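Me: I'm new to reading structures like this. Could you walk me through the side-chain contacts, one kind at a time?

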Amino acid sequence: MKDHDCSPLTGYIEYPPAEMLERSAQFYQEIKRRHSIRSFSNKAVDKAVIENCLKAAGTAPSGANHQPWHFVAVSSADIKKQIREQAEHHERGFYEGRAGKEWLDALKELGTDANKPYLEHAPWLIAIFSQKKGGISEEDKNTNYYVHESVGIATGFLINALHNAGLATLTHTPKPMSFLNKVCNRGDNERAYMLLIAGYPADDATIPSHAQVKKPLNDIATFL
């Protein structure tokens, strides 16, 4: 590597092989409990919990370490109502035919439709935005690299952090999502990437049977 400013790696912990295997198995058992739900309780979630989860998401790797993401955590009833109204408006067009028959047929297994009451009912909505330009400092206006990949990784970190904290989540991508820029007061440099719903599951929350079918390891991985 070329010379650059750096410091020794101090946070890494090496585990004995047996413990490593046990930890990997335990994490698998833990993460496979996570399921997307569409019925949320309105039970409040402490803002500090969301802050910690967002800080965890902010540790994700990114292209040139530009961290091309911004998270807008929404608990305001008024803003959640605006988001629901806009999302349902666009979703009606989606489900009325804009998506196409093949896509709509695929969604039948999940039972989804244009009604999104959880957008108002859940205690937190987290709007995730990608940034075209930026850098380490807020005033930087450099080109960001691998933006989609970087924001995707950070979103995965956030979902895991919320699950680890004991919250249920749902990823939501209304088409189009540009209304989120206006509702969340984000500028032209940012593009809405995803809306993440977070909170406690309602007592009657369910998981579609179709969503519980996961491909076996042999179908998702190859060892060479």
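Reply: Sure. Let's begin with a term we'll keep using: a residue is buried when its relative accessible area is under 20%, exposed when that area is over 50%, and partly exposed in between. One thing to keep in mind is that this is a predicted model.

Me: Let's try the term on a case, then. Is Glu88 buried or exposed?

Reply: Glu88 has a relative accessibility of 11%, so it counts as buried. Arg84 comes out at 21%, so Arg84 is partly exposed. These two belong together, as their side chains meet in a salt bridge with N and O 3.0 Å apart.

Me: Where do Arg84 and Glu88 lie?

Reply: Both are in helix H3, which covers residues 77-98. They are four residues apart there, about one turn of the helix.

Me: How do I recognise a salt bridge in general, and how many are there here?

Reply: Look for a side-chain nitrogen of Lys or Arg within 4 Å of a carboxyl oxygen of Asp or Glu. Searching the whole structure that way turns up eight salt bridges. One of them joins Lys101 and Asp105, whose closest N and O atoms are 2.6 Å apart.

Me: How many turns of helix H4 separate Lys101 and Asp105?

Reply: About one, because they are four residues apart in helix H4, residues 101-107. As for accessibility, Lys101 is exposed at 64%, while Asp105 is partly exposed at 30%. Salt bridges can also share partners: that is how Arg84, Glu88 and Glu120 are joined into one network.

Me: What about Arg33 and Glu30?

Reply: Their side chains form a salt bridge too, at 2.7 Å from N to O. Arg33 is exposed, with 52% relative accessibility, and Glu30 is partly exposed, with 27%.

Me: Now the rings. How many aromatic pairs are there?

Reply: The idea is to check the distance between ring centres first, then the angle between the planes; over 60 degrees counts as edge-to-face. Here the count is two aromatic pairs. In one of them, the ring centres of Phe94 and Tyr95 are 5.1 Å apart and the planes meet at 75°, so this pair is edge-to-face. Phe94 also pairs edge-to-face with Trp103, at 4.8 Å between centres and 85° between planes.

Me: Which residues do the ring pairs link into a cluster?

Reply: Phe94, Tyr95 and Trp103. Their accessibility is worth a look as well. Phe94 is buried at 6%, Tyr95 is partly exposed at 21%, and Trp103 is partly exposed at 42%.

Me: Which charged residue sits over the ring of Tyr15?

Reply: That's Arg23, whose charged end is 4.0 Å from the ring centre. You'll find another case at Tyr200, where Lys43 lies over the ring face at 4.4 Å from the centre.

Me: Last topic: disulfides. How many are there?

Reply: The test is whether two cysteine sulfur atoms come within 2.5 Å of each other. The count here is zero. Cys53 is in no disulfide, and the nearest cysteine sulfur to it, that of Cys184, is 19 Å away. Cys184 is likewise in no disulfide, with the sulfur of Cys53 as its nearest at 19 Å.

Me: Are those cysteines buried or exposed?

Reply: Cys53 is buried at 5% relative accessibility. Cys184 is buried as well, at 11%.

Conventions
Residues numbered from 1 in each chain as written. Predicted model: local features only at pLDDT ≥ 70, side-chain atom pairs only at ≥ 80, totals over all residues. Heavy atoms only, no water. Buried < 20%, exposed > 50% of the residue type's maximum accessible area, 1.4 Å probe, protein only. Phe/Tyr/Trp six-rings, centres within 6.5 Å; stacked < 30°, edge-to-face > 60°. Lys NZ or Arg CZ within 6 Å of the ring centre and 35° of its normal. Helix = DSSP H or I, 4+ residues; strand = E, 2+ residues; numbered from the N terminus.
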